[in-house]
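Student: Got a minute to walk through this one with me? I'd like to start with the sheets and then go over the pockets.

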Amino acid sequence: MTKYRDQRDPVIERAPNGRARAHRWPLSTHPEALTAFLHDVFTHYWGQIIFGPVIEGAAYEWTCPGPPDKIEADGEFLTVSFNGPHFHICVGTADPGLGDPAREAKMRALRPATACLFRMLDSRGAPNSWGFEMRNAAGVSMLTIFFANPFVLPGDVMADEPDWSRLLMWREISLRYLGRKAEAFDQTSRGFVDYLATA
């Protein structure tokens, strides 16, 4: 994926009350860029991620059963396979508009329209979740990847104490794709304590 060395400042997503709830850094939706990014994440971090679409009314949070044995493009779709279990995701085409107009109209709605790295914020404005999100032209989640989290142990178990070494994935990816160096700010949250207290 193209490295965006000039994208140091995030877009701030705010709640209706004006509170900052997320930092987002837009990434390219060019098919080659998305394919390279997903290949990087699933190849190098497969044991650390939780992934799936997060849609209104449902969140699919899967883990990889092992390293991928195949990451392969076929037309506009990318297949990520784990020796049997697999998923297909539309990454689009570098040459839209070729061929059948009816098919092109359908595919235009299915292709990724936005992709970003994100950092979710707790009620005090401190980071407690990091990852990647991709949405189609209708704004529907195609894929969310949650990165290794200091507050969540493997097996989706809440940690008693944060393991800050689990920020390494976020720090490597944000340096590689955004040019952002490690920030002390990422270690200011108490995790999901505030969320759990108000849920």
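Tutor: Sure. Keep in mind that this is a predicted model. One open sheet has three strands in the order β6-β7-β8, with antiparallel pairing.

Student: Which strands sit at the edges there?

Tutor: β6 (70-74) and β8 (86-90), and each of them pairs on one side only. Neighbouring strands in this sheet are turned by 20 degrees against each other on average, ignoring direction.

Student: How many bridges join β6 to β7?

Tutor: Five, and the two strands run antiparallel, with β7 covering residues 77-81. If you want a pair to click on, Lys70 has Ser81 in β7 as its bridge partner.

Student: OK, what's the strand order in the six-stranded sheet?

Tutor: That open sheet goes β1-β2-β9-β10-β11-β3, and the pairing is antiparallel. Its edge strands are β1 (11-14) and β3 (50-52), each pairing on one side only. From one strand to the next, the twist averages 25 degrees.

Student: Start at the β1 end. What lies between β1 and β2?

Tutor: Five residues, and the two strands form a hairpin. Gly18 is in the turn, with a positive phi of about 95 degrees. The antiparallel pairing of β1 and β2 runs over four bridges, and Arg14 is opposite Ala20 in β2.

Student: And how many of β2's residues are buried?

Tutor: Five of its seven, so call the strand mostly covered, with buried meaning under 20% relative accessible area. β2 is also joined to β9 by five bridges, again antiparallel. Ala22 has Met120 in β9 as its bridge partner.

Student: What about the other edge, how many bridges pair β3 with β11?

Tutor: Three, in the antiparallel sense. Gly52 is the residue opposite Thr144 in β11.

Student: Switching to helices. Which residues of α3 are buried?

Tutor: α3 spans residues 168-178, and its buried residues are Met169, Trp170, Arg171, Ile173, Ser174, Tyr177 and Leu178.

Student: What covers them?

Tutor: The cover includes β2 (20-26), α1 (31-44), β9 (112-121) and β10 (127-136). β2, β9 and β10 also belong to the six-stranded sheet.

Student: And what follows α3?

Tutor: Gly179, with a positive phi near 75 degrees.

Student: Now pockets. How much space is in the largest one?

Tutor: About 840 Å³. The lining has 32 residues, and the closest to the pocket's centre are Asn128, Ser129, Phe146, Asn149 and Phe192.

Student: Which element gives the largest share of that lining?

Tutor: α4, with three residues. The elements that each supply at least two are β9, β10, β12 (152-153) and α4 (193-198).

Student: How does the lining split by class?

Tutor: There are 14 nonpolar, ten polar and eight charged residues.

Student: Then what's the volume of the second largest pocket?

Tutor: That one is about 220 Å³. Its lining consists of Arg24, Val54, Ile55, Glu56, Phe118, Met120, Glu133, Arg135, Thr144 and Phe146. By element, β4 (54-55), β9, β10 and β11 (141-146) give two or more residues to it.

Student: And the class split for this lining?

Tutor: Five nonpolar, one polar and four charged. Some names should look familiar: Met120 is the β9 partner of Ala22, and Thr144 is opposite Gly52. Phe146 lines this second pocket and is also one of the residues closest to the centre of the largest pocket.

Technical notes: Residues are numbered from 1 along each chain as its sequence is written. This is a predicted model: local features need pLDDT of at least 70, side-chain atom pairs count only at pLDDT 80 or more; totals for chains, interfaces and linings use all residues. Side-chain values use heavy atoms; hydrogens and water are left out. Two strands pair if DSSP finds at least two bridges between them. Axes are lines fitted to C-alpha atoms, for helices over the stretch in contact, and angles run from 0 to 180 degrees between N-to-C directions. Buried means under 20% relative accessible area, exposed over 50%, partly exposed in between (1.4 Å probe, protein chains only). Contact means heavy atoms within 4.5 Å. On a 1 Å grid over the protein atoms alone, a cavity is a set of points where a 1.4 Å probe fits but cannot get out, and a pocket is an open set with protein on both sides within 12 Å along at least five of seven lines; lining residues have an atom within 4 Å of a point. Grid points are joined across faces, edges and corners, and a volume is the space filled by probe spheres set on the points. Ala, Val, Leu, Ile, Met, Phe, Trp, Tyr, Cys and Pro count as nonpolar, Asp, Glu, Lys and Arg as charged, and the others, Gly among them, as polar.
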